[in-house]
Each structure stands twice: as C-alpha cells, then as structure tokens.
Amino acid sequence: MRIVIAGGHGQIALRLEKLLAARGDEVVGIIRKAEQGDDLRESGAEPLLLDLESASVEEVAERLRGADAAVFAAGAGPGSGSARKDTVDKGAAVLFADAAVRAGVRRFLIVSSMGADPNHEGSEIFDVYLRAKGEADEYVRGLDALDWTILRPGMLTNDAGTGQVRLEASTGRGPIPRDDVAAALAELLDTPATAGLTLELVSGSAPVSVAVKSVAGN
C-alpha cells in the first residue's frame, strides 16, 4: 500500500513508518521542517515538506492522490498554546480529511486522544486540546466519503512495546507504549472492517492482531 502520514516526524508516526516500510509498504511522511527529513528516511519513509497550518485543501489533496490510505498523527505538541490546539489538532485534521475526500483516498485513520470530546468543559490548555480533538473526530465521522477509524490511546509512554493491548469502544483509562499504538495502527490499516469505529487503546492481554480482529468482528 501507499500510505501518507500527517505529522510524519511525531513519535508515533516514526514508529509506524518503520513498521510499514519493513513490511513493504510505500510510506510518505508529511513534515514541516526540512531537517526532519533524515529521521524519516532512516525509518524507511519518504519525507514530504508541507505545512498543514497554511496549505490549501487542493495542495494537500495533490500530495494524497494515488495513496491507498491516509493517517492523521499530527499534533501541536505539549509545549504549544491554545491557539495551535485549534489550528493543528482540529484545523489540520479537518484539512487532511477534506483533502483525502478530494483525492479519493477512502481509508482514513486518525490518532485521537482518550477523553476527546467537543463538549469537554474547562479553560486549561489540556481542556482546549480535548475539545479540539473531539471536534476533529466529530467532523471526520460526518464524512461519508471516508472509511474512517478513530483510535484513542490512553496515556502514552516510551516503554518498550509488549504487543499486548486492550482495544475496545471503551477501555477505561490506562497507559500504552507508543510502540504498541504504532503496531495497532499498522494492523488497523490492514483491517478495513474496522471502518466506522471509534476505539480506545490501553495495555492489555490480547495480541494486537487478535484485538483488532476482535473489534472487526472476525
């Protein structure tokens, strides 16, 4: 498959790129800074320089044409303020989804966050983040032209992945290594029967492939 990943230099994206490239997929990672390109090449991905905060839908669609799937794994990051939660976590996600529709790329994965909710209350930056992610998820759910899957991981850690997860519509809170989030995304890309599902992911006792097959109804 040819897979385009927004937020290509993110910690989950770099792990996902390595997994996809290793299994023979053609992977393109969208980055904002040219100096990030070497890290993507090292992971087996082709870097694509494009700023999703300033690009037009048509510019992004042009880069997506011919892809088999698109993954939104971008984020404003923990050091960013409220404004960028709106322009990246919501705005760039909406743009990327619209561009996928325009480019005819049906399979669409979005890395969201546990607790994401457009009606989440509060004025702290994390509250703004959860609202932005929730609004992006809600927007994507409304696009009939996409076979979308929304993945909401629990508390992300840099521990080594175990390959053992709990993946359900509602798991309750818990940690999850970024390695295992990437593994779940790779498996979801291969499982189109998970389209239309919003899933939470934490560490658990099921192998990733078994957990994905289970939610897909297999």
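Before the pocket, one term: a helix here is a DSSP run of H or I with at least four residues, and helices are numbered from the N terminus. Hello everyone, and please keep in mind that we are looking at a predicted model.

Let's begin with the largest pocket. It holds about 1,100 Å³ of space. Its lining has 41 residues, and those that lie nearest the centre are Ala73, Ala74, Gly75, Ala76 and Gly77. Several elements give two or more residues to that lining: helix 1 (11-22), strand 2 (26-31), helix 4 (82-103), helix 5 (125-141) and strand 7 (155-157). Which helix gives the largest share? That is helix 4, with five residues. As for the chemistry, the lining has 20 nonpolar, eleven polar and ten charged residues.

Now let's stay with helix 4 and see what packs against it. Two packed helices are described by the angle between their axes and the distance between the axes.

Take helix 5 as one partner. Its axis and that of helix 4 are 8 Å apart, at an angle of about 10 degrees. Helix 4 and helix 5 are therefore roughly parallel to each other. On the helix 4 side, the residues in contact include Ser82, Lys85, Asp89 and Lys90; on the helix 5 side, Tyr129, Lys133, Glu135 and Tyr139 are among them. By class, this contact has ten nonpolar residues, one polar and six charged.

Another partner of helix 4 is helix 3, residues 57-64. Here the axes come within 8 Å and cross at roughly 60 degrees, which makes helix 3 oblique to helix 4. The crossing of these two is right-handed. From helix 3 you can pick out Val57, Glu58, Val60, Ala61 and Leu64, and they meet helix 4 residues including Leu95, Phe96, Asp98 and Arg102. Nine nonpolar and three charged residues make up this contact, with no polar ones.

Finally, let's turn to helix 1, which also helps line the pocket. Helix 1 packs with helix 6, residues 178-189, at an angle of about 50 degrees, and their axes are 8 Å apart. Is the pair parallel or oblique? That angle makes helix 1 oblique to helix 6. The crossing is right-handed. Helix 1 brings Gln11, Ile12, Arg15, Leu16, Leu19 and Leu20 to the contact, and among the helix 6 residues are Arg178, Asp179, Val181 and Leu185. In this contact, ten residues are nonpolar, one is polar and three are charged.

So, to take one picture away with you: helix 4 lines the largest pocket, lies roughly parallel to helix 5, and is crossed obliquely by helix 3. Thanks for listening!

How values were computed
Residues are numbered from 1 along each chain as its sequence is written. This is a predicted model: local features need pLDDT of at least 70, side-chain atom pairs count only at pLDDT 80 or more; totals for chains, interfaces and linings use all residues. Side-chain values use heavy atoms; hydrogens and water are left out. On a 1 Å grid over the protein atoms alone, a cavity is a set of points where a 1.4 Å probe fits but cannot get out, and a pocket is an open set with protein on both sides within 12 Å along at least five of seven lines; lining residues have an atom within 4 Å of a point. Grid points are joined across faces, edges and corners, and a volume is the space filled by probe spheres set on the points. Ala, Val, Leu, Ile, Met, Phe, Trp, Tyr, Cys and Pro count as nonpolar, Asp, Glu, Lys and Arg as charged, and the others, Gly among them, as polar. Axes are lines fitted to C-alpha atoms, for helices over the stretch in contact, and angles run from 0 to 180 degrees between N-to-C directions. Angles under 35 degrees count as roughly parallel, over 145 as roughly antiparallel, 65 to 115 as roughly perpendicular and the rest as oblique. A crossing is left-handed if the near helix is turned anticlockwise from the far one by less than a right angle, and right-handed if clockwise. Contact means heavy atoms within 4.5 Å.
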